[in-house]
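Ready for a few warm-up exercises? Have a look at the model below, then try each task before you read its solution.

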Amino acid sequence: MTKDNEPIVKSSRFVCLMIIIIQFSDENEFAVDKSKRGLTHVPKDLPLKTRVLDMSQNYISELQVSDMSFLSELKVLRLSHNRIQLLDLSVFKFNQDLEYLDLSHNQLQKISCHPIVSFRHLDLSFNDFKALPICKEFGNLSQLNFLGLSAMKLQRLDLLPVAHLHLSYILLDLRNYYVKENETESLKILNAKTLHLVFHPNSLFSIQVSISANTLGCLQLTNIKLNDDNCQVFINFLSELTRGPNLLNFTLNHMETTWKCLVRVFQYLWPKPVEYLSIYNLTIIESIHKEYFTYSETTLKALKIEHITNQVFLYSQTALYTVFSEMNIMMLTISDTPFIHMLCPHAPSTFKFLNFTQNVFTDSIFEKCSTLVKLETLILQKNGLKDLFKVGLMTKDMPSLEILDVSWNSLESGRHEENCTWVASIVVLNLSSNILTDSVFRCLPPRIKVLDLHSNKIKSIPKQVVKLEALQELNVAFNSLTNLPGCGSFSSLSVLIIDHNSVSHPSADFFQSCQKMKSINAGNNPFHCTCDLREFVKNIGQVSSEVIEGWPDSYKCDYPDSYRGIPLKDFHMSELSCNVTLLIITIGATMLVLAVTMTSLCIYLDLPWYLRMVCQWTQTRRRARNVPLEELQRNLQFHAFISYSGHDSIWVKNELVPCLEKEGLQICLHERNFVPGKSIVENIINCIEKSYKSIFVLSPNFVQSEWCHYELYFAHHNLFHEGSNNLILILLEPIPQNSIPNKYHKLRALMTQRTYLEWPKEKSKRGLFWANIRAAFHIKLTLVTENNR
């Protein structure tokens, strides 16, 4: 059997295999794949719990009991495409759970029987058996569904041991079948639902064996090679097989024939009970001429032909197409062929289903065709259609058409200014994989319910779109749409597929306008996670996860970079950062509160007063930097500068100054040491800077004197500027805290933080007071006077 034919046979066994192994496929530890490993024997290191073992396509030539005995849980064993010549079924006597055994495509010539009762699938096909390898023990396989066999010769009662079994599928390999000329053989098949016969791929059909199977529901023949001479041999072969009343499905795989013989086969099958006729990989040879075909009453409902290779290059198109177009059946499929056209039936046709996928039809197909009055489904995928307007015109005379599939063409819209014409009965329209643009929405059937427009070039859905009030499902995936279409024009929309587009800012009111939405897939779009998206994310979070397909994995931020890759469900932005009005109000309110606070603080602390002090201090320091160096060296001239209120001058002049000067200290007083012509502020600063200490006589009178506070401010500022402890506070009279004005907070701080000397009222304590004053001047100074220059 050629490699091209093997998939046809393998597909017939696929379902059986899947049913058995599906319960183990999810557990990798139970499935072992040793195929295509160059093995010459069964490995000994297989896991003991192996249930599915694939050793196909190796070089294994024999099986022994020891190879399989330790795999007590084995259920599926594939040994196809090896070199096994002899099989003793006793090797599986310890594999009581083995259900699926595939030994096809080996070199088996003989088998030794042994009671095995667990098989559900046994494939011995494509081997070198001379006679059918049937053991009487096979009769005990009550669960057997699939049986694959090979034989060179057949005898009528070969299958008698299994005749009582209700087999679902029998595969009979007759590639090497040989019988002498004028000899006939027969085979009786009982209780089989499906029979699949495989013949030699390169030999003309010549088998004349009589196979009867009255219970068949499905018949498959693979590798049929016919010409005009042996065509009758094939028809004779079919006569017995197609006799049964239950045969509804007939399939021909890899069929090579002349056009004349093919028509004869059709004609033979026409009155038979077959309802579904399928031909896969059909090759037409020699010539194509007009053949007369009698379309008598038939039970045939559907003819399906996939992949036609036409080796006839010069022929009448009418001769070919007429046979198909005039068939009185309901369903016709001709796909993957080089047909460039199909004729319109001459009379009202019985066709309800037409599928012409992957041909080379043009826009002229079924042009002005008024005989397809019963047609309900028309599929024209992968053809050469280009004009959507002409496609609409094609349907005008198909009053029953409900489903139209013209996907995978080169359709364009907008070529014509006039409105498109469609038959009103269309409810399902597939326009996917074309080159349609936004204008397609001006050319749609009015009563359409399901519309597929995925993989086109649509950028937006026009607001002026004709209302499609019946539309229930819309697929616009893989386009260039930038927004979700609302349901204003689609009042019945319940399913929307719009993934893989350019939707970045979906409308926040989408869900409000689409109340009937049951399923939406809008994932894999470049969502811009900005303020505009907040409301949409909020709304989508309130919708059931069963409605939002792919949520949340397919819904991720694409912009800005800081949010890229973050799922929409995790995207959050505050109301303040998104509401401009609220932001302006908040900023304005904050600024107002700040302004009121600063104003109140300025008033409370008399900030302008301190600003003037800083300004004057700065100006004085700047002038000081311009004084010659030799003058800067006269930095200390006094031991102390005394600051006091004029109301306290009597105590200062009669008590404090005489006592200090008696100790040899030079005292700076404003009335005798201020330089005429200079400002008061500058004189204060100069005196403070030229004095080692600054003495402040504190009293209620001092608190009320603004000039005293100037002096206090500059002396305190000099404390930090020079880094020396140059302040002496003398409390002449008690000062209540509530009597100090708020703007004089520096005085409050000094009285709280620094130790002050209090003038005692009792004379007995004044000696200690004067001792403390003298102690404050413990450093002996070398004062620079005017006479020392």
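**Exercise 1. Find how many disulfides a search of the whole structure gives, then look at the link of C113 and C135.**

Step 1: Searching the whole structure turns up six disulfides, a disulfide being a pair of cysteine sulfur atoms within 2.5 Å. This is a predicted model, so local features need pLDDT of at least 70 and side-chain atom pairs count only at pLDDT 80 or more, while totals for chains, interfaces and linings use all residues. Residues are numbered from 1 along each chain as its sequence is written, and side-chain values use heavy atoms, with hydrogens and water left out.

Step 2: Now take C113 and C135, whose sulfur atoms sit 1.8 Å apart in a disulfide. This pair links distant parts of the chain, 22 residues apart: C113 is in the loop between β6 (110-112) and β7 (121-123), and C135 is in the loop between β7 and β8 (146-150). Helices (H or I, at least four residues) and strands (E, at least two) are DSSP runs, numbered from the N terminus.

Step 3: Check the handedness. The link of C113 and C135 is left-handed, with -80 degrees about the S-S bond.

**Exercise 2. Work out which parts the salt bridge of D67 and K44 ties together.**

Step 1: Start with the total, which is 14 salt bridges; each is a side-chain nitrogen of Lys or Arg within 4 Å of a carboxyl oxygen of Asp or Glu.

Step 2: In one of them, the side chains of D67 and K44 meet at 2.9 Å, N to O. D67 belongs to helix α2 (residues 65-68) and K44 to the loop between β1 (31-33) and β2 (52-54), so the bridge ties together parts 23 residues apart in sequence.

Step 3: Stay in the loop between β1 and β2, where you'll also find K36. K36 isn't a glycine, yet it has a positive phi of about 55 degrees.

**Exercise 3. Locate P552 and P560, and check the peptide bond that leads to each.**

Step 1: P552 is in the loop between α8 (534-541) and β27 (557-559). The bond from W551 to P552 is cis, with omega near 5 degrees.

Step 2: For P560, go to the loop between β27 and α9 (575-578). Y559 and P560 are joined by a cis peptide bond too, with omega about -5 degrees.

**Exercise 4. Say which helix gives the most to the nonpolar patch.**

Helix α10 (residues 580-605) does, with six residues, and M591 is found in helix α10.
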